[in-house]
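Dear colleague,

Please find below the sequence and the structure that I am handing over to you. My notes on what was found follow directly after them.

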Amino acid sequence: MVSGLINENPIVYEIKERRDVRAYSSNTDELSVDAIDQLEVFDILFVRLSNSKALSHHIRDIKDPEHPYSLEQLKVLTEDSVEVDDTKSHVRVTFTPTVEHCSMATIIGLCVRVKLMRSLPSRYKIDIRVAPGTHATEAAVNKQLNDKERVAAALENPNLVEMVDECLSPSFE
Amino acid sequence: MAAPSQLTEHLETFVDVTRSPTHHADSLKAIVASLEKGVLSINQLVVEMDMYLTTTDDVVRARGILLLAEILNHLKSKPLDNAVVHSLIGFFTAKLAEWRSVRGALAGCLALIKRKDVAGVVTATDAEAVAKSMAQYVQVQSLALHDRKVCFELLECLLEQYPEAMINLGDLIVYATSEAIDGEKDPPCLMVAFHTVELLARLFPSPSGPVASMASDLFELISCYFPLHYTHTKGDEASIPREDLSRGLSLAISSTPFFEPYAIPLLLEKLSSSLPVAKVDSLKCLKDCVMKYGVNRMKKHYEDIWSAIKDALYSSTGTDMSFGLESLTSTGFEMDEIHREAVNLLQTLVKQDVSFVGLIVDDTRVNMVFDTISRYLRYEEMPDTSKLEVLVVSQILSVSARASVESCNMIFETFFFRLMNTLGIVEKTSTGDLVHKENSTVSTRLYHGGLHLCIELLTATRDIISSSEECSSTPGCAQQSWCSIVNRFSVSLIEAFTSAVQSSSDDCSADAYLGVKGLLAMGMFWGGSSPVSRSEFEKILTTLTSLITAKSAKTVKWELALKALVCMGSFIDQYHESEKALSYMGIVVETLVSLVCSNHCSLPYPMILEATSEVCSTSPKYVEKMVQGFEEAFCSSFSDFYVNGNPKSIENCPQLLECVTNKLLPRVTEIDGLGKMLVHFAISMWNQIESSVVFSNDVTGRDFVEAAMKTMRQIVGVALVDSQNSIIQKAYNVISSSTLPAMKSIPLTFAALEGLQRDLSTRDELILSLFASVIIGASPKASIPDVKSLIKLFLVSFLKGYIPAAQALGSMVNKLGTGSGGTNISNNCSLEEACDIIFHESFASGNDISSDDSSKTKCGSETVLAKICLGFDGSLDLQTRAITGLAWIGKGLLMRGDGRVNEIALVLMECLKSTNSSGNALHPSAMKHAADAFLILMSDSGECLNRKFHAVIRPLYKQRFFSITVPILESLIVNSQTPLSRRMLHVALAHVISNVPVTVVLDNTKKLLPLILEGLSVLSVDSVDKETLFSLLLVLSGTLTDIKGQQSVSDNAHRIIECLVKLTSYPHLMVVRETGIQCLATLLELPHGRIYPFRREVLQAVTKALDDPKRRVREEAIKCREACCTAHHYTFTVKDVPYKKLCSTKKILTVNGQFPGQTLKAYKGDTIYVNVRNRASENITMHWHGVEQPRNPWSDGPEYITQCPIRPGSDFLYKVIFSIEDTTVWWHAHSSWTRATVHGLIFVYPRPPKSLPFPKADHEVPLILGEWWKKDVRKVVKLFTRTGGDPNVSDALTINGHPGFLYPCSKSDTFELKVEKTKTYRIRMVNAAMNLILFFAIAKHNLAVVAADGHYTKPLNATYITISPGQTLDLLLHADQNPKRTYYMAARAYHSNPVINFNNSTTIGILRYTSSKCTKTSSSSKRYPKLPYYNDTSAAFSFFTNITSLYSGQAPVKISRRIISTVSINLLMCPNNSCEGPNGSRLAASMNNISFVTPSHVDILKAYYYHIKGVYGTRFPEFPPLVFNFTAEDQPLFLQTPRLATEVKMIKYGEALEIVLQGTSLVGGGIDHPMHLHGFSFYVVGVGFGNYNVSEDPSNYNLEDPPYRNTVTVPINGWVAIRFIADNPGVWFMHCHFDRHLSWGMNVVFIVKNGRGRNQQILPPPPDLPPCYYNSIV
């Protein structure tokens, strides 16, 4: 069982209203291309992530057993923190840990990375960063998250994989 | 009830409290029935019951009285003698004094008092006695819930039915009631209680009465509930909704004016609270009070209430007003509930007492508004606060004005002048008089706020009129002062509003909105006494109309004006204002209609049409006008175009016609006479064509022709038969006078047909199309003249390429001959004749077809038309036209269910063949048309042949056609030779399949699925077929999700996936890709493992789809990929990992480095795949304990029984098939003693929507009990197998791998479970210890057992549990203890044999409440659980035997075979007594004296499956070979030696087995044995101590609800009997789950042979089964 909470009283923000009705203007035109944009990546991260209870379960372990806040409510991730360039096949996600010493930062980053790896075309280069100045070991975390070898190694670690999978898979309850 | 004994029996049953409630209900019913039938009289009953009613046994007496009461309750409508009633009520009244019988007494009183008038009632005196007795003896609040409710009901009844009697009681009854209510908490009781208060208040209205004197106390009792607040669970149906209860409370509070001094201050105080619910309730309650308490009492509170209302209004209103169209007729802003209630209250107040208005009039805040409004001219300029002020004040004023005429007058007198003054309509003269400025519109100041207030007031007066006129016949409003005020200002107001509209710019909708709304308000006064004169009214209309006509584009202003006009129109219509209607007609309608005709206006034509149709739709009179106008407009533009050749004039006609079809036709049923007008319209269309004999313009307006056809069709469609006839007649006259009839006289030669194409004039074409439309729309009853020649005409024209002609022909064929009798002229031609003409009319050509007999005629009716279709003659064009025409004719026949359609279908299919009967290949385009003909045949057409156009439709015609054509098409596909023909046949089939209702497809999935799949792959080749492909794909997706289709889906899974994978990259249609991926995702959800082998393919396809250009496809792909990844696949890497426990570190074998191993999760019925990778240095196998693995022994796991071990470095994929397992099972290694550290839990969940049979817990807690050796377990095994002695006992017990602080170095290595108070935890527990049965308990907490060994049990509350190795339990733990304390959980051994060494230590875990984390707990507050003593056999087995299955009647009652086997410990002699067992011998174990020798080179399953000889024998005895006193204290030594062998027991499939396991006292006095059977769960039907007695013991079996388990503990020197049906073919191990006994040979193998059925046989072996190395060794 988990001992003590890292951040017992996180600030909870209201969820920004999302334009939920997306204009599928290209429905009629078979040949047009919908480029992958910021909102789509954010949706990948959230519409599924926060809907799959597992993550909120998981985050609940980290934050507060009383209130299952989503990463969005805690402003760990916002729509603006996603930068996408479809033509260059590049995506960059910047997330903000709630406290400077959040030891879950790497786990959150890894979850985000795995989620994107599984959901974006393979041509994409994924770049995950901690927002500048928000984490004590910012450089280390950034390095860890973007080092291909280390990510691959992390995903060999069954404990970590289980944790990440738990985050991303639908729950049984 | 013939015999009294029967009655006695029933009485006995009811009185006996140990019987079940159903028994009670049954006996009650029986007695009531006999009473009702009159077999038994009530006197007799009472005499019979005497004993039960008077006995000194309290319980029996209480039951007896209750019975009597219940009986009376059922006999409410049976007439009874008054004397009987009297004596009964006397009896019950007396019994009220006895607290034990009070329940029955209350119920009895209630039943009697509730009696109907007819049937003998309780007298007033008796009722009084009841009430007295109640008041004296019954302490309501000390009773149970149900009885309290009865009490309140009794009180309610008494008060309601015996008012006089109760008044006599006076104080007493009031006192009793208040006593009863005091402290009540249950909603249903409160509901009744509130009502009794209300009744009391009604009974004692006098100010000197008891209620008045006790008002303060009584009010205190009920006021404590205010405002009601309770949060009960929503699913609780019996409970009362908050609204009802709150209403009841409000009624109680307002019930008597005596409450006033207490109630009003309380309500005002609650109103100021911040809780919205409290506010709403207070406002509602205040309203009730105002109405009940009377003006005088309320007056002193007016000021407080007024300020409270103001507060509520200001705080609850938003500042946003909508200026949309909808709000033109409504209040214009959203009201929340508080606001609404505040408004209601205000209105009630004003209505009650007009003097309240004085408060409003004097209010500073209200008055201030009139000063502020003049600061801002436009809405946009106003600050939010000012907007709010205006809004609220307008609301207040309008509500109070609306309340009554007097208040209205007051408001107007006070405010209207000021308002006018502000707006500059009146001016103050120097003398202070207000002077109305007549002609000074220039100086009017159009302040937004002012206008707003004005309008609100005006609208309010309108409501006043309508409400006052409804009740009084004399419209007296003209005399009212407000009316004269309005009248005085009406001219200037209208001007002001007009200028507001006109001056407002287009972008400022707020001002325009106000202007229009103001005009509307002014225009909607009604009756002769209207303050607005007719000329002013007309002015308003003119203004609005000019607004509409002036604009050239659609603006908000335009729409507002239109809406206002429509409102006024319907208003006039509603109140039958004939004068105004005339004005409206003259000004609005005629202007607009003239616009339609003249078409010389800047307004775009569609807008003119919209305005006209909207305005005119308000009254039938206007509609008439409009149709006339339209007719005129149509005629003029038609002739202008065709006769005068003006190309522009035709442009508006389609729009006009569209307006007619869309706006007018749907309303035919609503508006009287509209049908007639439309018919007139249609006829005048024909007239127009007739009169314009020569068209100067030869260009056809395509749009026009289509719109005309549509209009014509629909008008004919909705018209009555008579009108249809007249239209047809007219049309026929026109057509017969045209040049068209010449066509039918044309000789039917190909030359003529092809030549004629060009020489049909525009006029003829128009006439033909319109005529076809008339025919399509006509009903079967309408008469069509000269059918035969018309048929010929249509025949010729469709061959010339006029599709409408073909449709008309189809329609004719469909409707012919169904008309009734002589009225129908068209039955001069029967269907046969018509068909004869169509099919047999010969077309003369160069070569004579009709004499061409060389072609083989399939059936007698193969026709001439058919031959054209088949391409014998004529050009390709002709052929395709013939095919399409034929399809339409076929559709007509098909829908009426005529058999001739089959011939047509055959012709069409002939066209699709690669080579037809004459050996010629058809042209591709002809084939394409033939394939599409099936679409025409099957699909619903909007153009013709549907219900709207009176088509004859036979039910299920599609299904019929489907069942005829599909087999033929199928065989044609099989035989087709060219790819083209094949494709075309598939297109045709796809049309048929996708248009038939999906249920039909579902009934035939087995047959259709392969066809659909083939169709999909054929159609995906060419982009031309994309629409067809999509509709076929939709059919497929329909079958995937349906239960009916699932079996064949799973049979064809491979092909479906292959096909879908291909479609995920279909380039031509996005929806095809999207649907394809959705289908794949659906397939992945199927519970069977068929999908798994294709996982890789699916994954690849879906990954590729992640890069799809379309976002929707990508989203589906992500979903699908997720489903794919989580689809039940696990990897177990077995490896050595160092772990530190008990002060030392050792390497242990783990799965994925975890100890204990990970928890697997699955739904019931799932199949999961676990890839076991052996990366350790020893052999391993994996067993899924408790998973029955139907037909799949290959993945069961015991080493050398069902498989050879997985060698280091190699892998094996286990397929774990869940079937009937419901809850918790587990997995562990099954090779040597490796399971010591290689184990984990498996959570099974019910597959949604199924749910658990017990309440869902808040959290799930995995809990694994285990054993830990400091030494390497391998070494322990090695040692004891070498020496032959007992193995070393373990060093510690563990909970989830933690030994607990009682062990050395383990202070921090203690399992801790954090719980929250009031939550429920579901502990899913397994005993994974190697050699110990364990007791487990948690201090102060009860554990509810809800499942055992993967199956539900009846809930069992236990203070401790016993769990044998291999068993699993699901326990519910309610965290209901003092959260300040810490509680321990503990487990230690149950060990019954003192001779044998065992680990007697205790493992401890902590149960901590999360809130207690910070408070330091003292050691005294720690609680250790109580565990039974080590050798407490009765404690251990009382737990086991208390477990029962949740379901009853499932265990086999009859058995076909009983196997009795001993389980015993034995000794083997060692040379020189050199072993370390007793007396230097070697320890062994046996069943039926055979100590099982595990094969060492090849497993038994493989040997059985591949018939390898010499691995095992089949002679395991069914009965102990030596019968002796198995449980005697001393046993002769010779019995101790077993036979060493590998013997199995062969079982036939489906046998009902009973296995009795008999423990023995051999070697050291015996011990308990937890026996586990693989492959089955069994029912533990009997357990006993001593020797099993085959003749006696079976009679004591529990066959009703025995526990359903997979591991059963044989008690020390006792026996168990288990039963199961051997319906799982395979090789199944049975063994003692003490691993030392397993190693010594207490095992047996059952081989269940294959059954006959397909699914009664072992599955084929998996390809990667670990190899055995017997060949190289032998």
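In this predicted model, β34(B) and β35(B) form an antiparallel pair joined by 6 bridges. Within that pairing, Phe1629(B) has Val1645(B) of β35(B) as its bridge partner. Both strands belong to an open sheet of 5 strands in chain B, with the order β27-β35-β34-β29-β32 and mixed pairing. The edges are taken by β27 (1544-1547) and β32 (1607-1610) of chain B; each has a single partner strand, so one side of each is left without a neighbour in the sheet. From one strand to the next, the twist averages 20°.

The parallel component of the sheet involves β27(B), which pairs with β35 (residues 1643-1648) of chain B over 4 bridges in the parallel sense. Two residue pairs illustrate the register here: Val1544(B) stands opposite Val1645(B) in β35(B), and Ile1547(B) has Val1648(B) as its bridge partner in β35(B). Val1645(B) thus appears opposite Val1544(B) and also as the bridge partner of Phe1629(B).

As for burial, 6 of the 6 residues of β35(B) are buried, and the strand is mostly covered. In a regular strand the side chains alternate between the two faces of the sheet. In β35(B), Asn1643(B), Val1645(B) and Ile1647(B) point one way, Val1644(B), Phe1646(B) and Val1648(B) point the other way, and all are buried.

Strand β29 (residues 1569-1573) of chain B gives a comparable description. Of its 5 residues, 5 are buried, so the strand is largely enclosed by the rest of the structure. From β29(B), His1569(B), Met1571(B) and Leu1573(B) point one way and Pro1570(B) and His1572(B) the other way. β29(B) runs antiparallel to β32(B), to which 4 bridges join it; in β32(B), Val1610(B) is the bridge partner of His1569(B). With β34 (residues 1626-1632) of chain B, β29(B) pairs in the antiparallel sense over 3 bridges, and Met1571(B) stands opposite Cys1632(B) in β34(B).

I turn next to the aromatic residues. Over all chains, the count comes to 40 aromatic pairs. One of them joins Phe1155(B) and Trp1268(B) in a tilted arrangement, with 5.5 Å centre to centre and 55° between the planes. Phe1155(B) lies in the loop between β4 (1144-1151) and β5 (1160-1163) of chain B, while Trp1268(B) lies in strand β11 (residues 1259-1268) of chain B, so the pair ties together parts that are 113 residues apart in sequence. Phe1155(B) and Trp1268(B) are both buried.

A further pair, Tyr1579(B) and Tyr1604(B), is stacked, at 4.1 Å centre to centre and with 20° between the planes. Tyr1579(B) belongs to strand β30 (residues 1578-1585) of chain B and Tyr1604(B) to strand β31 (residues 1604-1605) of chain B, so this pair ties together parts that are 25 residues apart in sequence. Tyr1579(B) and Tyr1604(B) are likewise buried.

Ring pairs also link a cluster made up of Phe1335(B), Tyr1360(B), Tyr1390(B), Phe1437(B), Phe1439(B), Phe1440(B) and Phe1585(B).

Two arginine residues are placed over aromatic rings. The charged end of Arg63(B) sits over the ring of Phe14(B), at 4.4 Å from its centre. Arg1388(B) lies over the face of Tyr1430(B), 4.6 Å from the ring centre.

One helical position may also be noted. Ala83(B) is found in helix α5 (residues 82-95) of chain B and, at 47% relative accessibility, counts as partly exposed. Its C-alpha atom is separated by 9.7 Å from that of Val121(B), and these two residues are 38 residues apart along the chain.

Finally, some overall values for chain B. The secondary structure comes to 60 helices and 35 strands. Of its 1674 residues, 59% count as buried. Among contacts between residues at least 6 apart in sequence, 77% join residues at least 24 apart. The accessible surface of chain B comes to about 65,800 Å², of which 52% belongs to carbon and sulfur atoms.

With kind regards

Notes
Residues numbered from 1 in each chain as written. Chains lettered and ligands numbered in written order. Predicted model: local features only at pLDDT ≥ 70, side-chain atom pairs only at ≥ 80, totals over all residues. Heavy atoms only, no water. Pairing = 2+ DSSP bridges. Axes fitted to C-alpha atoms, helices over the stretch in contact; angles between N-to-C directions. Phe/Tyr/Trp six-rings, centres within 6.5 Å; stacked < 30°, edge-to-face > 60°. Buried < 20%, exposed > 50% of the residue type's maximum accessible area, 1.4 Å probe, protein only. Lys NZ or Arg CZ within 6 Å of the ring centre and 35° of its normal. Contact = heavy atoms within 4.5 Å. Areas by Shrake-Rupley, 256 points an atom, 1.4 Å probe, with all protein chains shown as cover.
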